[in-house]
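Reader: I have a structure open on my screen and would like to talk it through before I go back to the bench. Could you take my questions as they come?

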Amino acid sequence: MSAEREIAVDYLARVEGEGAMYLKLKGDVVEDLKFKIFEPPRFFEAFLVGRRFSEAPDITARICGICPIAYQTSACNAMEHAAGVRITSGLRDLRRLIYCGEWIESHALHVFFLHAPDFLGYESAIAMASDFPERVEAGLRLKKIGNRLMSVLGGREIHPINIRVGGFYRTPTRAELEALVPDLEWALETAADTARWVAGFPFPDFERDYEFVALQHPGEYAIQEGRIGSNRGLDIAVEDWGEHFEESHVAWSNALHARLKTGGSYHVGPLARYALNSDRLTPRASEIAEEAGLGAVCTNPFRSITVRVVEIAFACEEALRLIDGYERPPRPHVEVEPRDSVGFGASEAPRGLLYHRYDIDGEGAIRAAHIVPPTSQNQLSIEDDLRAYVPGRTHLPDHELQWQLEQAIRCYDPCISCATHFLDLTVERG
Amino acid sequence: MRRLVIGVGNPDRGDDGAGLEVAGRVRSAPGIRHDNGSYELMDLWEGADEVILVDAARSGAPVGTIHCIEANEGALPGGLLATSSHSVGVAETVELARSLGRLPPRLLIYGIEVSDTTIGGPLSPEVERAIDELVGVIDGA
């Protein structure tokens, strides 16, 4: 029998922004499959043209309310690269520290409120909260601790205003940072306990041979800078992104699809970072990963929830280390003088590699901007996952198949608002 | 008794700022203008006995209509309050607080029916009038 079936999700739940999914099956064969992003394009790259180089961090922060630090950091890196300036010692540590806050806040939101309900069979975190109030309260508190770290360094947690090209407008006192220590210690132990909880979730038996792409940095789990590496031997400077990756437009997405020029999809985000850098995790985070049964590499996208929890633990431990060694820098920023040049910057947003490129003139005006967010890069990988996931599961009734496919999409914590600078699901069977 | 007024919305999106205006103008209770994440509402109202939450509403009623909901009585009507661009809105936070047992003893939600939420736009005259009326209701109560 080869009846046609169509499964359509017109509006995907528990993702950031507006997206949909469409699947057309003929018997057991996938005839058509699309991860659709219909959130309107946001034209940020065009807004930047003609603006001062120093405005890029504040303008691009507005692309996302959940990961503004990622945008600010990639923009600062690019502008500093254009000017031939490098941020070192205390200012570099502070940039890494505020980014830890964003990882904690963003991952806590995804793990507890967007993803855990999938594995426990709840429609939402609200429904889950009645049965797991302590877990949901812990998630709220973790998110708040990440937010607080962002506020102390950034002035406020959403679209922080204290970050600038060259460093900060004001650096925190040691006492301000030390006040965060008890909460971060609690957060680290809570992450350890959460890892034991999520490691026991029922994960579908599904693995894929991904090309993982993430930043790598000698001696540390890369967050705010590094070279772009992959598990298949890619090792390039950020400025060479354009030589190895390309973007194209497809009719069903308002976000450009990125792919490797050598062909095919690649995967960015926590699984990629973990695969490339797990040997550089902090000691407690490493133990937590091991206790949770993660090997050196994890290729089951559903287990990304466990990796996110390990990264929460890592971010807490790293923040504690940075605070412990903190000495207030003599000046809050270094001067950055623009010059006629092109600057490249990248950092590891909670959802993966975030690449910026700016062409600026001698007066510091932006001539061209190019921003590639993680969700854009993951679109092909999401579609490849779904295509690989469906065969062998076509006996499932539509609602069950749809639920599992939506879950597969949520493994990526897609941020559609960022990618359009998406999620509805349609399954058609025929 | 600790009474608190919380206005939510975006001050840069025309009528969406209505709740913030109300919170800024009330005199009979502390007013908090909250233009941040929704989950934080639970922390803001911690310890209060009566909370008045003012938000923008979109139900198809005439612009400037003031909706009033006693949140303690049961689940909020779906689709009335404006949603947030980042997946968590006021209605979801109220329901989460209900599940967690973190609703204040009395939570009164006023929704002002809005029309124009253009970025950088002004408040509509009907919404301005509703703000005046609601401030009178809260302060006269």
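Reader: What percentage of the residues in chain B are buried?

Author: Before the number, please keep in mind that this is a predicted model. Of the 141 residues in chain B, 42% are buried.

Reader: And how many helices and strands does chain B have?

Author: Chain B has 4 helices and 5 strands, and reading along the sequence you meet them in the pattern β-α-β-α-β-β-α-β-α.

Reader: Why would you call chain B as compact as a globular protein of that length?

Author: Because its radius of gyration is 14 Å, which is close to the 14 Å given by the globule rule for 141 residues. As for its extent, the C-alpha atoms of chain B fill a box of roughly 35 × 35 × 25 Å along the principal axes.

Reader: What share of the contacts in chain B comes from residues 24 or more positions apart?

Author: If you take the contacts in chain B with a separation of 6 or more, 76% of them are between residues 24 or more positions apart.

Reader: Switching to the contact between the chains, how many residues does each one bring?

Author: Chain A brings 15 residues to the contact, and chain B brings 11 residues. On the side of chain A that touches chain B, α5 (125-131) and α6 (133-154) each supply at least two residues.

Reader: Which element gives the largest share of that side of chain A?

Author: That is α6(A), with 5 residues. By character, the residues on the side of chain A that touches chain B divide into 8 nonpolar, 3 polar and 4 charged.

Technical notes: Residues are numbered from 1 along each chain as its sequence is written. Chains are lettered from A and ligands numbered from 1 in the order in which they are written. This is a predicted model: local features need pLDDT of at least 70, side-chain atom pairs count only at pLDDT 80 or more; totals for chains, interfaces and linings use all residues. The radius of gyration is taken over C-alpha atoms; the globule rule is 2.2 Å times the number of residues to the power 0.38. A residue is buried if 20 or more other C-beta atoms lie within 10 Å of its own, exposed if 12 or fewer, and partly exposed in between; C-beta atoms are placed from the backbone. Two residues are in contact if their C-beta atoms, placed from the backbone, lie within 7 Å. Ala, Val, Leu, Ile, Met, Phe, Trp, Tyr, Cys and Pro count as nonpolar, Asp, Glu, Lys and Arg as charged, and the others, Gly among them, as polar.
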